[in-house]
Amino acid sequence: MKNVVIFGGLGFIGTFLARYLIEQSCASKIYLFDFESMNAKHAFRRAMVSSYPQIELMSGDVREPIEWAPEEPIDLIVNLAAVHREPGHKCHEYYECNLLGAENVCNWAERVGCKRMIFSSSIAPYGPSEAIKDEQSIPAPESAYGGSKLAAEKIHQIWQAKNNLRQLLIVRPGVVFGPGEGGNVSRLVKAVKNRYFFYMGNRQTRKAGIYVKELVRAMIWVLDSKKAKLDKVSLVNMSMNPGPSIQEYVEAIAKVADMKILVPSVPSGLLFVLAHLIDFFAKPFAIDHPFSPIRIKKLIRSNNVLPTYLVKEGYEYMYSLEDALLDWKKDCPEEW
């Protein structure tokens, strides 16, 4: 591939993907198309891409028809654009962005004649479950985010079905973590380091997750594989194998942070009561806090999703959980 457009390219995954494509000589020109401009909060991401003359930033909103078109032919489109934080948005906002974005990106791909696309979905379409899920499992989303992502997958599949020369890779990542993430694992690192993390009967709760550098490496590995080129449409879970338990995350964080910790156990019911109380008093003042009842609920429910496709095709992982956290700490020690 020579010319790549990444929609949602200024986000966490997009910046790592752009850098990987340049460093691996997979692309000579990359356009990062995004609604938001980088600010001080995204200093780490900005530093990642600002030094590469091959990367050009484009401002736009995928919820609107995309009028812009580059002069060069486009060899690959990556659609990462999404409303995804949970909690953080109203139900209709997930559908408005994720469905309209899918339609507009697919229409744009058709207009510019691009025949290869990666769409980043999520494991959310499976729904939370203690049962093991893989790519053959029937989706049962419980959230607006999961439902909107499942519908967006179908929109991309319709785009591919219109022309058998087109290749589509749909990836369903678990929680993606790493430098500059600012999401669930970042909050867990902070909670463990500041000693306010508690087990609540969830030591063995499994959380499918993947290091961001592993994710971008695995995506390109699958896209360029002979099987994916023959299949035309590939659906691939992106997670460590198996997804670590909460206890494994906590113990690995403590080891990398060089801490000796004793994590107490607290009944989940008590934590839910406290979380609702904190949320009740914090909401009127728009105070951000780590004790959201929705986040606590997510911590005690498993996302036991296996990367069966990667395992069967012989993908060799570069990072264990501890290796990933060590690499994160090396790249961005201020977050540790």
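The exercises below, each with a worked solution, concern a predicted model.

**Exercise 1. Find which residues line the largest cavity, and state which elements give two or more residues to that lining.**

Step 1. The count comes to one cavity of 30 Å³ or more, and the volume of the largest cavity is about 40 Å³. Such a space can be found because rolling a probe the size of a water molecule over the atoms shows where empty space is left.

Step 2. The lining consists of Ile123, Tyr126, Gly127, Ser129, Ala131, Lys133, Ser302, Asn303, Asn304 and Val305. Two or more of these residues come from each of the elements β6 (129–133) and β11 (303–305).

Step 3. When the lining of the largest cavity is sorted by residue type, it divides into four nonpolar, five polar and one charged.

**Exercise 2. Describe the second largest pocket by its volume, its lining and the elements that supply the lining.**

Step 1. The second largest pocket holds about 190 Å³ of space.

Step 2. Its lining is made up of Glu135, Gln136, Lys227, Asp231, Val233, Ser234, Leu235, Thr308, Tyr309, Lys312 and Glu313, and at least two lining residues are supplied by each of α7 (226–231), β10 (233–238) and α11 (308–312).

Step 3. Sorted by type, the lining of the second largest pocket has three nonpolar, three polar and five charged residues.

Step 4. Two of the lining residues, Lys227 and Asp231, also form a salt bridge with each other, in which the closest N and O atoms are 2.9 Å apart. Both belong to helix α7 and stand four residues apart, about one turn of the helix. This spacing can be understood from a general rule: an α-helix has 3.6 residues a turn, so residues three or four places apart point the same way.

Step 5. Asp231 is partly exposed, with a relative accessible area of 36%, and Lys227 is likewise partly exposed, at 33%.

**Exercise 3. Work out which parts of the chain are joined by the salt bridges Lys29 to Glu56 and Arg206 to Glu248.**

Step 1. Begin with the principle that side chains of opposite charge can pair when their charged atoms come close. The structure holds 13 salt bridges.

Step 2. In the salt bridge between Lys29 and Glu56, the closest N and O atoms are 2.9 Å apart. Lys29 belongs to strand β2 (residues 29–34) and Glu56 to strand β3 (residues 55–59), so this pair ties together parts that lie 27 residues apart in sequence. Lys29 is buried, at 17% relative accessible area, whereas Glu56 is partly exposed, at 33%.

Step 3. Arg206 and Glu248 meet through their side chains in a salt bridge, at 3.5 Å from N to O. Arg206 sits in the loop between α5 (184–193) and β9 (209–211), while Glu248 sits in helix α8 (residues 246–256), so that the pair links distant parts of the chain, 42 residues apart. Both partners count as partly exposed, Arg206 at 22% and Glu248 at 37%.

Step 4. Salt bridges can also join into a network, as they do for Lys213, Asp327, Lys330 and Asp331.

**Exercise 4. Compare the span of helix α1 with the expected span, and decide whether α1 is largely enclosed or open.**

Step 1. Helix α1 (residues 12–23) has twelve residues, and the distance from its first C-alpha to its last is 17 Å, which is close to the 16 Å expected at 1.5 Å a residue.

Step 2. A residue counts as buried when its relative accessible area is under 20%. Ten of the twelve residues of α1 are buried, so the helix is largely enclosed by the rest of the structure; among them are Phe12, Ile13, Phe16, Leu17 and Arg19.

Step 3. After α1 comes Ser25, which has a positive phi, near 55 degrees.

**Exercise 5. Find which backbone atoms lie near the polar side-chain atoms of Asn79 and Ser225.**

Step 1. Asn79 is part of strand β4 (residues 76–79) and counts as buried, at 2% relative accessibility. A polar atom of its side chain lies 3.2 Å from the backbone nitrogen of Ala81.

Step 2. Ser225 is in the loop between α6 (212–223) and α7, and it also counts as buried, at 15%. A polar atom of the Ser225 side chain lies 2.7 Å from the backbone oxygen of Val222, and the side chain of Ser225 also reaches the backbone nitrogen of Ala228, at 3.3 Å.

How values were computed. Residues numbered from 1 in each chain as written. Predicted model: local features only at pLDDT ≥ 70, side-chain atom pairs only at ≥ 80, totals over all residues. Heavy atoms only, no water. 1 Å grid on protein atoms, 1.4 Å probe; cavity = no way out; pocket = protein on both sides within 12 Å on 5 of 7 lines; lining within 4 Å. Points joined across faces, edges and corners; volume = space filled by probe spheres on them. Nonpolar A, V, L, I, M, F, W, Y, C, P; charged D, E, K, R; others polar. Salt bridge = Lys/Arg side-chain N within 4 Å of Asp/Glu carboxyl O. Buried < 20%, exposed > 50% of the residue type's maximum accessible area, 1.4 Å probe, protein only. Expected span 1.5 Å × (residues − 1). Polar contact = N/O pair within 3.5 Å; in protein donor to acceptor, adjacent residues only side chain to side chain.
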